[in-house]
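Me: I'd like a close look at the pockets in this one, starting with what lines the main one. Walk me through it slowly, please.

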Amino acid sequence: MELLSGVLDAEGYEVGRQILQRGVAAIYLLAFISAINQFPALLGENGLLPAPRYIQRAGKRAGPTLFRWRYSDRMLLAVCWIGAGVAALLVIGLPQTGPPWLPLLAFLILWALYLSIVNIGQVFYGFGWESLLLEAGFLVAFLGSNEAAPPFLVLLAIRWLVFRLEFGAGMIKMRGDRSWRDLTALYYHHETQPMPNPVSRFFHLLPKPLHRMEVAGNHFAQLVVPFFLFAPQPVAGWAAVIIIVTQGWLVISGNFAWLNWITIVLTFGAVPDSFYEALGITIAPTHSTTPVWFAAVVVLMTAFIAYLSWQPLRNLFAKRQLMNASFNRFHLVNAYGAFGSVTKVRYEVIVEGTADDDGAASSRWEEYEFRGKPGDPGRMPRQYAPYHLRLDWLMWFLALGSDGGWFTPLLVKLLEADPKILKLLRHDPFGGKPPRYVRARIFRYRFTTREEKRATGLWWMREETGTLVDPVSLKAGQRR
């Protein structure tokens, strides 16, 4: 048994384990709170894309979910509150003080509950970081408790996840938009990203040579550094530090839900305790011998992950690389990547309503304001990440021409003044009362220059480019 422990146990990664377990649990907590606040309005019984209809239509194709036989908003909220409670206990570290099976069970509960939500979430849960959270939660479940040293094989599987995440994102960029290869991608990206934050405009206005250096640094961090995660220490630790710093740069410059945050948490799994000790932090954990049964479980899990890794490994080097793809129903060992192409011009769909009876162009039209996406040109972009504003993100995709069948139901809900939908908005110009007509216009947005900002106080300049939906009313689906 001592020989087995010597092979499996990773002494010197106690801080990394604590960050992994508590950090991943914190993101699960945020994800369940997000579902409590948004799922009923978007996907509930009377949502934009009702989950019961999807379950009936998709059947087994939906994948494993607790809601296969029955869905109700009350059951959904119960699942979310249970998940949030378990996640909160893991954040404060309570299950970790028990035997190894206790945090194992807690994280597998989180994984199963959130898998049930993601598999019926349709387009609103079709983001790569949903699968990333599921895979992370499954792997972290096998880190054990404070009683024994962290299992080395689990830390290795987590490094493999970070490698796929970073290297996959780097390869999708090199195979995708030419602007990544000629180092001009960040001439546009800070302005056209899905949801800019308060400092995105500052980053956008940086000199172009600095933007080129940013892209070159990104390529180094994603295409070269990940290989060193598998090197001996301290090389692997320094590789992790580089990835953490570059991900922190992305946290500062934009709103990408929890993508960058969970990447940072996972990468800390490659930072050894010796790095903290070099900063004067004393770490002296006392570990007992790893139970034989737990060591056997870890070995079986690692073999399972290795078996599932063949397709994602091939995908990394495939000419037609898949981005944010799952190869199994359990969202384990997935393919990742982001922004293989960069939007050069920013368009926004502006939804308006009027209380006037005729809905003419001369009527008094007032804008609905969303929480995160640009609308009012004078409003400073807000910081929401790691919280995920799902409706705002899909409004960005809508402006790029991708609907998904949810936008017409959204307009109907606005005409009905649906309270659940209105709670997802920043501002309802009609104070909870239904308008007579709504419409959707398309505008081109760009950040103001420094001179324009000083002269006008605006964050954005915009100009109308077209109409997406002409004025429409609930009266027999009337359009003007």
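By class, how many nonpolar, polar and charged residues make up the lining of the largest pocket?

Reply: The lining of the largest pocket splits into 25 nonpolar, 19 polar and 4 charged residues. Here Ala, Val, Leu, Ile, Met, Phe, Trp, Tyr, Cys and Pro count as nonpolar, Asp, Glu, Lys and Arg as charged, and the others, Gly included, as polar.

Some ground rules before going on. This is a predicted model, where local features need pLDDT of at least 70 and side-chain atom pairs need 80 or more, while totals for chains, interfaces and linings use all residues. Numbering runs from 1 along each chain as its sequence is written, and side-chain values use heavy atoms, with hydrogens and water left out.

Back to that pocket. There is about 1,200 Å³ of space in it, and of the 48 residues lining it, Lys173, Phe256, Leu259, Ala338 and Phe339 come closest to the centre. A pocket is an open set of points on a 1 Å grid over the protein atoms alone, with protein on both sides within 12 Å along at least five of seven lines; a cavity is a set where a 1.4 Å probe fits but cannot get out, and lining residues have an atom within 4 Å of a point. Points join across faces, edges and corners, and the volume is the space filled by probe spheres set on them.

Who builds the wall? Several helices chip in at least two residues each: H6 (128-140), H7 (152-175), H9 (189-192), H11 (208-223), H12 (235-253), H13 (259-267) and H17 (390-399). Helices (H or I, at least four residues) and strands (E, at least two) are DSSP runs numbered from the N terminus. The top contributor to the largest pocket is H11, with 7 residues.

The second largest pocket holds about 240 Å³ of space. It has 18 lining residues, and nearest its centre are Val118, Tyr125, Ser131, Ser326 and His331. Here H6 gives the most, with 3 residues. By class, this second pocket's lining comes out as 5 nonpolar, 10 polar and 3 charged.

Now for the closed spaces. The search turns up 5 cavities of 30 Å³ or more. The largest cavity has a volume of about 70 Å³, and its walls are Pro196, Glu369, Gly372, Lys373, Pro374, Gly375, Asp376, Arg379, Met380, Pro381 and Trp460. Those residues sort into 5 nonpolar, 2 polar and 4 charged.

The second largest cavity, at about 50 Å³, is lined by Val349, Ile350, Val351, Glu367, Tyr368, Glu369, Phe370, Lys373, Pro374 and Gly375. Strands E1 (346-354) and E3 (369-370) are the elements that give two or more residues to this lining, and E1 leads with 3. The class split for this second cavity is 6 nonpolar, 1 polar and 3 charged. If you compare the two lists, Glu369, Lys373, Pro374 and Gly375 turn up in both.

E1 is also worth following into the charged pairs. The whole structure has 14 salt bridges, each being a side-chain nitrogen of Lys or Arg within 4 Å of a carboxyl oxygen of Asp or Glu. In one of them, Glu352 pairs with Arg439, with the closest N and O atoms 2.6 Å apart. Glu352 sits in strand E1 and Arg439 in strand E5 (residues 437-447), so this bridge links parts of the chain 87 residues apart. Both ends are buried: Glu352 has a relative accessibility of 4% and Arg439 has 12%. (Buried means under 20% relative accessible area, exposed over 50%, partly exposed in between, with a 1.4 Å probe and protein chains only.)

Glu352 also bridges to Arg441, at 2.8 Å between the closest N and O atoms. Arg441 lies in E5 too, and this pair spans 89 residues. With a relative accessible area of 17%, Arg441 is buried as well. Shared partners join Glu352, Arg439, Arg441 and Glu464 into one network.

Another bridge runs between Lys420 and Asp73, with 3.7 Å between the closest N and O atoms. Lys420 is in helix H19 (residues 419-422) and Asp73 in helix H4 (residues 73-92), so this bridge ties together parts 347 residues apart in sequence. Its two ends differ in cover: Lys420 is partly exposed, at 40% relative accessibility, while Asp73 is buried, at 9%.
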